Amino acid sequence: MFLRPYDPARDFEDACRIWKEVGWMEDGQEEIEKSFLDGSTAWAAEWNGHVESLVTVAPGEMRYLDADLRLAAVTGVVVGRVARKQGLGMRLTAKALAEAAANGAQVGGLSIFDQGFYDKLGFGTGGYEHSFTFDPADLTVPNPSRPPIRLTKDDWERVHAARRKGRRGHGSCILHPAGLTRADMLWEKKAFGLGYTNEDGELTHFLWASPKNVAHGPYTVWWLVYRNGAQLLELFSLLKSWSDQVHTVEIGEPPEIQMQDLLRQPFRTRRTRREGKHRLESRAAAYYQWRILDLPACIASMRVSAPLRFALHLHDPIGRYLPENAPWRGLTGEYTLSLGETCTVHPGGETGLPVLEASVGAFTRWWLGVLPASSLALTDDFQAPPALLSALDEALCLPQPHPRWEF
Ligand SMILES: CC(C)(COP(=O)(O)OP(=O)(O)OC[C@H]1O[C@@H](n2cnc3c(N)ncnc32)[C@H](O)[C@@H]1OP(=O)(O)O)[C@@H](O)C(=O)NCCC(=O)NCCS
(Lines give C-alpha, C1' and ligand atoms only; values in the text may rest on other atoms or scores of the structure.)
Protein backbone atom coordinates (compact mmCIF):
# COMPACT_ATOMS: atom_id res chain seq x y z
CA MET A 1 0.00 0.00 0.00
CA PHE A 2 1.35 3.40 -0.98
CA LEU A 3 -0.17 6.57 0.49
CA ARG A 4 0.30 9.78 -1.48
CA PRO A 5 -1.40 13.02 -2.51
CA TYR A 6 -4.22 12.59 -5.03
CA ASP A 7 -3.18 13.56 -8.55
CA PRO A 8 -6.25 14.74 -10.54
CA ALA A 9 -4.71 14.06 -13.94
CA ARG A 10 -3.77 10.49 -13.08
CA ASP A 11 -6.32 9.43 -10.48
CA PHE A 12 -9.67 10.93 -11.47
CA GLU A 13 -10.84 7.79 -13.27
CA ASP A 14 -9.98 5.56 -10.31
CA ALA A 15 -11.59 8.04 -7.91
CA CYS A 16 -14.85 7.97 -9.91
CA ARG A 17 -14.78 4.16 -10.02
CA ILE A 18 -14.50 3.91 -6.23
CA TRP A 19 -17.24 6.48 -5.70
CA LYS A 20 -19.52 4.51 -8.01
CA GLU A 21 -18.67 1.29 -6.16
CA VAL A 22 -19.74 2.78 -2.83
CA GLY A 23 -22.90 4.26 -4.39
CA TRP A 24 -22.01 7.93 -4.02
CA MET A 25 -22.43 8.64 -7.75
CA GLU A 26 -23.70 7.10 -10.97
CA ASP A 27 -22.44 7.13 -14.56
CA GLY A 28 -22.75 10.63 -15.99
CA GLN A 29 -22.31 12.37 -12.62
CA GLU A 30 -18.53 12.80 -12.85
CA GLU A 31 -18.93 16.57 -12.71
CA ILE A 32 -20.15 16.20 -9.11
CA GLU A 33 -16.92 14.55 -8.04
CA LYS A 34 -14.82 17.11 -9.91
CA SER A 35 -16.62 19.90 -8.11
CA PHE A 36 -16.44 18.07 -4.77
CA LEU A 37 -12.64 17.81 -5.04
CA ASP A 38 -12.17 21.41 -6.14
CA GLY A 39 -10.51 23.35 -3.31
CA SER A 40 -10.14 20.35 -1.00
CA THR A 41 -7.05 18.28 -0.24
CA ALA A 42 -7.31 14.67 -1.30
CA TRP A 43 -5.13 11.70 -0.38
CA ALA A 44 -4.91 8.45 -2.30
CA ALA A 45 -3.88 4.92 -1.36
CA GLU A 46 -2.47 2.80 -4.16
CA TRP A 47 -3.08 -0.91 -4.10
CA ASN A 48 -1.95 -3.20 -6.93
CA GLY A 49 -1.24 -0.24 -9.21
CA HIS A 50 -4.59 1.51 -8.76
CA VAL A 51 -5.99 4.06 -6.37
CA GLU A 52 -8.27 2.02 -4.13
CA SER A 53 -8.89 4.52 -1.35
CA LEU A 54 -9.55 8.24 -1.37
CA VAL A 55 -9.81 10.59 1.61
CA THR A 56 -10.84 14.21 1.14
CA VAL A 57 -10.31 17.02 3.62
CA ALA A 58 -11.83 20.47 3.22
CA PRO A 59 -10.42 23.51 5.00
CA GLY A 60 -12.89 25.42 7.12
CA GLU A 61 -13.67 27.01 10.46
CA MET A 62 -15.36 25.85 13.61
CA ARG A 63 -16.70 28.33 16.09
CA TYR A 64 -15.90 27.71 19.74
CA LEU A 65 -17.85 30.26 21.81
CA ASP A 66 -16.79 33.47 20.03
CA ALA A 67 -13.51 32.21 18.53
CA ASP A 68 -13.02 30.56 15.14
CA LEU A 69 -10.72 27.55 15.02
CA ARG A 70 -9.16 26.20 11.85
CA LEU A 71 -11.12 23.08 10.93
CA ALA A 72 -10.02 20.07 8.87
CA ALA A 73 -13.36 18.65 7.73
CA VAL A 74 -13.01 15.08 6.53
CA THR A 75 -15.63 15.08 3.79
CA GLY A 76 -15.10 11.63 2.33
CA VAL A 77 -13.45 8.28 3.14
CA VAL A 78 -13.92 5.59 0.51
CA VAL A 79 -12.29 2.25 -0.22
CA GLY A 80 -12.82 0.23 -3.41
CA ARG A 81 -14.48 -3.18 -3.34
CA VAL A 82 -11.24 -5.09 -3.88
CA ALA A 83 -9.35 -3.47 -0.99
CA ARG A 84 -11.66 -3.53 2.03
CA LYS A 85 -10.42 -4.52 5.50
CA GLN A 86 -6.78 -4.14 4.60
CA GLY A 87 -6.34 -1.03 6.71
CA LEU A 88 -6.45 1.41 3.78
CA GLY A 89 -9.36 3.53 5.01
CA MET A 90 -8.03 3.90 8.53
CA ARG A 91 -4.42 4.59 7.57
CA LEU A 92 -5.23 7.03 4.81
CA THR A 93 -7.60 8.99 7.08
CA ALA A 94 -4.91 9.06 9.79
CA LYS A 95 -2.39 10.37 7.28
CA ALA A 96 -4.79 13.00 5.93
CA LEU A 97 -5.42 14.25 9.48
CA ALA A 98 -1.72 14.29 10.39
CA GLU A 99 -0.96 16.36 7.28
CA ALA A 100 -3.82 18.73 8.07
CA ALA A 101 -2.62 19.11 11.67
CA ALA A 102 0.95 19.73 10.52
CA ASN A 103 -0.41 22.42 8.18
CA GLY A 104 -2.18 24.28 10.97
CA ALA A 105 -5.61 22.66 11.38
CA GLN A 106 -6.68 22.97 15.02
CA VAL A 107 -9.69 20.69 15.12
CA GLY A 108 -10.92 17.79 12.98
CA GLY A 109 -14.52 16.88 12.20
CA LEU A 110 -16.47 14.35 10.17
CA SER A 111 -19.83 12.64 9.89
CA ILE A 112 -19.84 8.93 10.54
CA PHE A 113 -21.19 5.85 8.77
CA ASP A 114 -21.29 4.29 12.23
CA GLN A 115 -19.85 4.79 15.67
CA GLY A 116 -16.55 3.11 16.49
CA PHE A 117 -14.45 3.33 13.33
CA TYR A 118 -13.24 6.91 13.73
CA ASP A 119 -12.93 6.51 17.53
CA LYS A 120 -9.78 4.58 16.62
CA LEU A 121 -8.40 7.83 15.20
CA GLY A 122 -9.20 9.81 18.35
CA PHE A 123 -12.64 11.13 17.41
CA GLY A 124 -15.38 11.60 20.00
CA THR A 125 -19.10 11.75 19.31
CA GLY A 126 -20.70 15.19 19.03
CA GLY A 127 -24.13 16.40 20.11
CA TYR A 128 -27.52 15.16 18.98
CA GLU A 129 -29.08 16.62 15.87
CA HIS A 130 -32.88 16.48 15.76
CA SER A 131 -34.86 15.91 12.62
CA PHE A 132 -38.60 16.33 12.20
CA THR A 133 -41.11 15.26 9.63
CA PHE A 134 -44.21 17.40 9.81
CA ASP A 135 -47.22 18.46 7.81
CA PRO A 136 -46.68 22.05 6.59
CA ALA A 137 -50.40 22.64 7.15
CA ASP A 138 -49.72 22.26 10.90
CA LEU A 139 -47.25 25.15 11.04
CA THR A 140 -48.48 27.97 13.26
CA VAL A 141 -46.56 30.70 11.41
CA PRO A 142 -48.42 33.16 9.14
CA ASN A 143 -48.51 32.83 5.36
CA PRO A 144 -45.62 34.51 3.54
CA SER A 145 -45.96 38.26 3.17
CA ARG A 146 -43.90 38.49 -0.04
CA PRO A 147 -42.86 36.14 -2.83
CA PRO A 148 -39.42 34.47 -2.75
CA ILE A 149 -37.01 34.22 -5.66
CA ARG A 150 -36.24 30.90 -7.33
CA LEU A 151 -32.78 29.39 -6.89
CA THR A 152 -31.37 26.78 -9.26
CA LYS A 153 -28.19 24.72 -9.38
CA ASP A 154 -26.60 27.56 -11.39
CA ASP A 155 -26.85 29.81 -8.31
CA TRP A 156 -24.19 27.86 -6.39
CA GLU A 157 -21.85 30.84 -5.96
CA ARG A 158 -24.42 33.11 -4.31
CA VAL A 159 -25.76 30.17 -2.32
CA HIS A 160 -22.26 29.41 -1.04
CA ALA A 161 -21.73 33.08 -0.15
CA ALA A 162 -25.05 33.11 1.75
CA ARG A 163 -24.14 29.91 3.62
CA ARG A 164 -20.85 31.50 4.70
CA LYS A 165 -22.76 34.46 6.12
CA GLY A 166 -25.47 32.36 7.78
CA ARG A 167 -26.18 32.44 11.48
CA ARG A 168 -23.33 31.03 13.57
CA GLY A 169 -23.27 29.60 17.06
CA HIS A 170 -21.12 27.39 19.25
CA GLY A 171 -19.83 24.46 17.16
CA SER A 172 -20.98 25.94 13.86
CA CYS A 173 -18.79 25.24 10.86
CA ILE A 174 -18.00 26.85 7.54
CA LEU A 175 -16.35 24.82 4.79
CA HIS A 176 -14.42 27.14 2.49
CA PRO A 177 -14.48 25.44 -0.95
CA ALA A 178 -17.44 26.64 -3.02
CA GLY A 179 -17.12 23.43 -5.06
CA LEU A 180 -18.59 21.52 -2.11
CA THR A 181 -21.76 23.61 -2.19
CA ARG A 182 -21.99 23.14 -5.95
CA ALA A 183 -21.47 19.37 -5.67
CA ASP A 184 -24.18 19.09 -3.00
CA MET A 185 -26.57 21.11 -5.17
CA LEU A 186 -25.87 18.90 -8.18
CA TRP A 187 -26.41 15.65 -6.25
CA GLU A 188 -30.18 15.62 -5.96
CA LYS A 189 -31.71 15.66 -9.45
CA LYS A 190 -34.97 17.41 -8.52
CA ALA A 191 -33.51 19.81 -5.95
CA PHE A 192 -34.60 23.47 -5.99
CA GLY A 193 -34.23 26.55 -3.84
CA LEU A 194 -36.33 29.51 -2.71
CA GLY A 195 -34.94 32.55 -0.98
CA TYR A 196 -34.89 36.27 -0.35
CA THR A 197 -32.43 39.02 -1.15
CA ASN A 198 -31.67 42.39 0.46
CA GLU A 199 -31.82 45.78 -1.29
CA ASP A 200 -28.40 45.12 -2.84
CA GLY A 201 -29.58 41.86 -4.41
CA GLU A 202 -27.53 39.79 -1.98
CA LEU A 203 -29.08 36.45 -1.03
CA THR A 204 -29.70 36.65 2.71
CA HIS A 205 -31.84 33.61 3.53
CA PHE A 206 -33.03 30.61 1.61
CA LEU A 207 -33.99 26.97 1.67
CA TRP A 208 -32.71 24.18 -0.56
CA ALA A 209 -34.98 21.17 -0.85
CA SER A 210 -35.85 18.13 -2.93
CA PRO A 211 -39.02 16.05 -3.21
CA LYS A 212 -39.42 12.29 -3.16
CA ASN A 213 -42.71 12.90 -4.92
CA VAL A 214 -43.10 16.32 -6.51
CA ALA A 215 -46.87 16.49 -6.17
CA HIS A 216 -47.33 15.57 -2.52
CA GLY A 217 -43.93 15.01 -0.92
CA PRO A 218 -42.31 14.12 1.30
CA TYR A 219 -39.95 17.03 0.68
CA THR A 220 -36.55 17.06 2.35
CA VAL A 221 -35.17 20.48 3.27
CA TRP A 222 -31.41 20.04 3.04
CA TRP A 223 -30.41 23.55 3.99
CA LEU A 224 -32.21 26.28 5.86
CA VAL A 225 -29.91 29.30 5.89
CA TYR A 226 -30.69 32.59 7.65
CA ARG A 227 -28.93 35.34 9.53
CA ASN A 228 -31.56 36.14 12.15
CA GLY A 229 -34.76 34.84 13.72
CA ALA A 230 -37.12 36.89 11.54
CA GLN A 231 -35.57 35.34 8.43
CA LEU A 232 -35.90 31.87 9.94
CA LEU A 233 -39.63 32.40 10.54
CA GLU A 234 -40.06 33.77 7.03
CA LEU A 235 -38.62 30.52 5.67
CA PHE A 236 -41.11 28.53 7.75
CA SER A 237 -43.88 30.69 6.26
CA LEU A 238 -42.61 29.62 2.84
CA LEU A 239 -42.86 25.96 3.86
CA LYS A 240 -46.39 26.60 5.05
CA SER A 241 -47.27 28.02 1.63
CA TRP A 242 -46.77 24.55 0.12
CA SER A 243 -49.40 22.99 2.37
CA ASP A 244 -52.33 22.86 -0.08
CA GLN A 245 -50.34 20.33 -2.06
CA VAL A 246 -47.48 18.93 0.01
CA HIS A 247 -48.35 16.66 2.93
CA THR A 248 -44.94 16.03 4.49
CA VAL A 249 -41.70 17.96 4.94
CA GLU A 250 -38.56 16.68 6.63
CA ILE A 251 -36.17 19.14 8.22
CA GLY A 252 -33.19 19.30 10.57
CA GLU A 253 -34.21 21.28 13.64
CA PRO A 254 -32.66 24.77 13.60
CA PRO A 255 -30.58 25.02 16.81
CA GLU A 256 -32.33 28.13 18.15
CA ILE A 257 -35.86 26.73 18.27
CA GLN A 258 -37.88 23.72 19.36
CA MET A 259 -39.80 22.62 16.29
CA GLN A 260 -42.74 21.57 18.46
CA ASP A 261 -43.34 25.24 19.26
CA LEU A 262 -44.22 25.83 15.60
CA LEU A 263 -46.58 22.86 15.21
CA ARG A 264 -50.27 22.62 16.03
CA GLN A 265 -51.15 19.53 18.11
CA PRO A 266 -47.91 17.70 17.26
CA PHE A 267 -48.74 14.56 19.27
CA ARG A 268 -52.25 14.23 17.85
CA THR A 269 -51.00 14.31 14.26
CA ARG A 270 -48.17 11.93 15.12
CA ARG A 271 -50.63 9.43 16.61
CA THR A 272 -52.80 9.52 13.50
CA ARG A 273 -49.92 9.42 11.01
CA ARG A 274 -47.61 6.78 12.43
CA GLU A 275 -47.32 4.62 9.30
CA GLY A 276 -46.75 4.93 5.57
CA LYS A 277 -44.80 7.28 3.36
CA HIS A 278 -46.36 10.37 4.99
CA ARG A 279 -45.67 9.25 8.56
CA LEU A 280 -44.73 12.00 10.99
CA GLU A 281 -41.90 11.52 13.44
CA SER A 282 -38.97 13.15 15.18
CA ARG A 283 -35.56 11.57 15.49
CA ALA A 284 -32.30 12.34 17.24
CA ALA A 285 -28.87 11.08 16.26
CA ALA A 286 -25.31 12.18 16.97
CA TYR A 287 -23.67 11.59 13.60
CA TYR A 288 -20.81 14.09 13.75
CA GLN A 289 -17.54 13.37 15.50
CA TRP A 290 -14.80 15.77 16.47
CA ARG A 291 -11.24 15.68 17.70
CA ILE A 292 -8.74 18.21 18.94
CA LEU A 293 -5.67 18.45 16.72
CA ASP A 294 -3.93 21.44 18.30
CA LEU A 295 -4.29 21.25 22.06
CA PRO A 296 -2.88 24.71 22.97
CA ALA A 297 -5.13 26.45 20.41
CA CYS A 298 -8.25 24.59 21.55
CA ILE A 299 -7.54 25.22 25.23
CA ALA A 300 -6.84 28.90 24.53
CA SER A 301 -10.35 29.30 23.09
CA MET A 302 -11.94 28.31 26.45
CA ARG A 303 -13.30 30.74 29.09
CA VAL A 304 -13.77 29.44 32.62
CA SER A 305 -15.16 31.53 35.47
CA ALA A 306 -13.68 29.65 38.49
CA PRO A 307 -9.91 29.07 38.09
CA LEU A 308 -8.85 25.44 37.93
CA ARG A 309 -5.51 23.65 37.54
CA PHE A 310 -5.05 19.95 36.89
CA ALA A 311 -2.81 17.43 35.16
CA LEU A 312 -4.10 15.82 31.98
CA HIS A 313 -2.88 12.40 30.86
CA LEU A 314 -4.09 12.11 27.30
CA HIS A 315 -4.17 8.95 25.15
CA ASP A 316 -4.37 9.38 21.41
CA PRO A 317 -4.87 6.17 19.42
CA ILE A 318 -4.14 7.77 16.02
CA GLY A 319 -0.37 7.10 16.28
CA ARG A 320 -0.76 3.40 15.62
CA TYR A 321 -2.19 4.09 12.14
CA LEU A 322 0.38 6.71 11.10
CA PRO A 323 3.42 6.05 8.91
CA GLU A 324 6.79 6.48 10.64
CA ASN A 325 7.55 9.69 8.76
CA ALA A 326 4.22 11.36 9.63
CA PRO A 327 4.67 15.10 10.25
CA TRP A 328 2.46 14.96 13.38
CA ARG A 329 1.97 12.03 15.72
CA GLY A 330 -1.08 12.84 17.78
CA LEU A 331 -1.48 14.21 21.28
CA THR A 332 -0.55 11.34 23.61
CA GLY A 333 1.25 12.85 26.59
CA GLU A 334 1.05 14.47 30.00
CA TYR A 335 0.07 18.11 30.30
CA THR A 336 -0.76 20.72 32.91
CA LEU A 337 -3.88 22.79 32.28
CA SER A 338 -4.57 26.16 33.89
CA LEU A 339 -8.14 27.26 33.24
CA GLY A 340 -9.60 30.66 34.04
CA GLU A 341 -10.24 33.92 32.17
CA THR A 342 -7.21 32.87 30.15
CA CYS A 343 -6.67 29.16 29.53
CA THR A 344 -3.30 27.58 28.85
CA VAL A 345 -1.71 24.16 28.59
CA HIS A 346 1.91 23.19 29.20
CA PRO A 347 3.63 19.91 28.39
CA GLY A 348 4.37 17.75 31.45
CA GLY A 349 1.96 16.86 34.22
CA GLU A 350 2.91 18.84 37.35
CA THR A 351 3.07 16.58 40.42
CA GLY A 352 0.66 17.24 43.25
CA LEU A 353 -2.19 18.25 40.96
CA PRO A 354 -5.34 16.13 40.54
CA VAL A 355 -5.11 14.02 37.38
CA LEU A 356 -7.61 13.61 34.56
CA GLU A 357 -6.93 10.50 32.43
CA ALA A 358 -8.79 10.61 29.14
CA SER A 359 -8.74 9.58 25.52
CA VAL A 360 -8.45 12.53 23.17
CA GLY A 361 -11.96 11.75 21.87
CA ALA A 362 -13.54 11.88 25.34
CA PHE A 363 -11.56 14.99 26.24
CA THR A 364 -12.73 16.65 23.01
CA ARG A 365 -16.33 15.91 23.98
CA TRP A 366 -15.86 17.64 27.34
CA TRP A 367 -14.02 20.58 25.80
CA LEU A 368 -16.74 21.06 23.18
CA GLY A 369 -19.59 20.81 25.69
CA VAL A 370 -21.19 17.63 24.36
CA LEU A 371 -21.45 16.11 27.85
CA PRO A 372 -20.33 17.13 31.34
CA ALA A 373 -17.27 15.48 32.88
CA SER A 374 -19.31 13.40 35.35
CA SER A 375 -21.34 11.88 32.47
CA LEU A 376 -18.26 11.12 30.39
CA ALA A 377 -16.78 9.37 33.44
CA LEU A 378 -19.74 6.95 33.30
CA THR A 379 -19.69 6.04 29.61
CA ASP A 380 -16.43 7.12 28.00
CA ASP A 381 -12.68 6.92 28.53
CA PHE A 382 -12.55 9.78 31.07
CA GLN A 383 -11.39 9.25 34.67
CA ALA A 384 -10.67 11.70 37.47
CA PRO A 385 -11.15 11.89 41.26
CA PRO A 386 -14.74 12.91 42.18
CA ALA A 387 -13.67 16.40 43.31
CA LEU A 388 -11.99 17.11 39.98
CA LEU A 389 -15.00 15.78 38.05
CA SER A 390 -17.27 18.15 39.99
CA ALA A 391 -14.91 21.06 39.37
CA LEU A 392 -14.81 20.20 35.64
CA ASP A 393 -18.64 20.04 35.57
CA GLU A 394 -18.84 23.49 37.10
CA ALA A 395 -16.07 24.96 35.00
CA LEU A 396 -17.76 24.47 31.64
CA CYS A 397 -21.34 25.29 30.86
CA LEU A 398 -21.56 25.52 27.10
CA PRO A 399 -24.42 25.56 24.62
CA GLN A 400 -24.77 22.30 22.69
CA PRO A 401 -22.49 22.37 19.64
CA HIS A 402 -24.27 22.27 16.25
CA PRO A 403 -22.27 22.35 13.01
CA ARG A 404 -25.14 23.81 10.91
CA TRP A 405 -23.26 22.76 7.77
CA GLU A 406 -23.76 19.21 6.52
CA PHE A 407 -20.59 17.35 5.60
C1 LIG B 1 -15.90 2.43 5.78
C2 LIG B 1 -14.73 2.08 4.89
C3 LIG B 1 -14.06 3.36 4.46
C4 LIG B 1 -13.76 1.20 5.67
O5 LIG B 1 -12.63 1.00 4.86
P6 LIG B 1 -11.60 -0.22 5.11
O7 LIG B 1 -10.36 0.09 4.37
O8 LIG B 1 -12.26 -1.50 4.79
O9 LIG B 1 -11.35 -0.13 6.65
P10 LIG B 1 -10.01 -0.54 7.41
O11 LIG B 1 -9.50 -1.83 6.83
O12 LIG B 1 -9.07 0.58 7.46
O13 LIG B 1 -10.57 -0.76 8.85
C14 LIG B 1 -11.47 -1.78 9.04
C15 LIG B 1 -11.48 -2.09 10.53
O16 LIG B 1 -12.35 -1.15 11.17
C17 LIG B 1 -13.28 -1.87 11.93
N18 LIG B 1 -14.54 -1.21 11.97
C19 LIG B 1 -15.41 -0.95 10.98
N20 LIG B 1 -16.50 -0.37 11.47
C21 LIG B 1 -16.31 -0.24 12.79
C22 LIG B 1 -17.08 0.26 13.85
N23 LIG B 1 -18.28 0.81 13.63
N24 LIG B 1 -16.58 0.22 15.11
C25 LIG B 1 -15.38 -0.31 15.36
N26 LIG B 1 -14.59 -0.81 14.38
C27 LIG B 1 -15.06 -0.78 13.13
C28 LIG B 1 -13.45 -3.18 11.17
O29 LIG B 1 -13.97 -4.18 12.02
C30 LIG B 1 -12.04 -3.48 10.73
O31 LIG B 1 -11.30 -4.06 11.77
P32 LIG B 1 -10.72 -5.56 11.54
O33 LIG B 1 -9.82 -5.41 10.36
O34 LIG B 1 -10.01 -5.80 12.82
O35 LIG B 1 -11.91 -6.39 11.27
C36 LIG B 1 -15.23 1.28 3.64
O37 LIG B 1 -16.01 0.19 4.08
C38 LIG B 1 -16.05 2.10 2.69
O39 LIG B 1 -15.52 2.70 1.75
N40 LIG B 1 -17.40 2.11 2.86
C41 LIG B 1 -18.31 2.80 1.96
C42 LIG B 1 -18.19 4.32 2.01
C43 LIG B 1 -18.37 4.85 3.41
O44 LIG B 1 -19.36 4.59 4.07
N45 LIG B 1 -17.37 5.63 3.87
C46 LIG B 1 -17.37 6.22 5.17
C47 LIG B 1 -18.00 7.55 5.14
S48 LIG B 1 -18.12 8.25 6.75
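Ala-73 touches Val-57, Ala-58, Gly-60, Gly-109, Leu-110, Cys-173, Leu-175 and Phe-407, leaving aside residues up to four places away in sequence. Keep in mind that this is a predicted model. Ala-73 also ranks among the residues with the most contacts inside the largest nonpolar core, and that core is a good place to start. From there we go to the ligand, the domains and helix H4.

**Nonpolar cores**

- The largest nonpolar core has 85 residues.
- Besides Ala-73, the residues with the most contacts inside this core are Val-55, Ala-72, Leu-97, Val-107 and Ile-292.
- Which element gives the largest share of this core? That's H3, with nine residues.
- There's also a second, separate core of 28 residues, and Trp-156, Ala-209, Leu-239 and Leu-263 are included in it.
- As general background, nonpolar side chains tend to be buried together in soluble globular proteins.

**Around the ligand**

- The ligand has 17 residues around it.
- Closest to the ligand are Arg-84, Gly-89, Met-90, Phe-113 and Gly-116.
- Two elements, strand E4 (67-79) and helix H3 (88-102), each supply at least two residues of this shell.
- Sorted by class, the shell comes out as nine nonpolar, five polar and three charged residues.

**Domains, and where 1 meets 3**

- The chain splits into domain 1 (2-111), domain 2 (130-285) and domain 3 (294-395).
- Between the C-alpha centres of domain 1 and domain 3 there are 28 Å.
- On the contact side of things, 16 residues of domain 1 meet twelve residues of domain 3.
- E4 and H3 are the elements that give two or more residues to the side of domain 1 that touches domain 3.
- H3 gives the most to that side, with nine residues.
- By class, that side of domain 1 has twelve nonpolar, one polar and three charged residues.

**Helix H4**

- Helix H4 runs over residues 156-164, and its buried residues are Trp-156, Val-159, His-160, Ala-162 and Arg-163.
- Why do these buried residues sit on the same side of H4? Because they cover an arc of only 160 degrees around the axis.
- What do the buried residues of H4 pack against? Their partners are helix H5 (178-187) plus four strands: E8 (149-151), E10 (192-197), E11 (203-211) and E12 (219-225).
- Trp-156 turns up twice here: as a buried residue of H4 and as a member of the second core.

Key. Residues numbered from 1 in each chain as written. Predicted model: local features only at pLDDT ≥ 70, side-chain atom pairs only at ≥ 80, totals over all residues. Near = placed C-beta within 6 Å. Nonpolar A, V, L, I, M, F, W, Y, C, P; charged D, E, K, R; others polar. Domains from an automatic or database assignment. Contact = placed C-beta atoms within 7 Å. Buried ≥ 20, exposed ≤ 12 C-beta atoms within 10 Å, placed from the backbone. Arc of directions from axis to C-beta. Core = buried A, V, L, I, M, F, W, Y, C linked by C-beta atoms within 7 Å.
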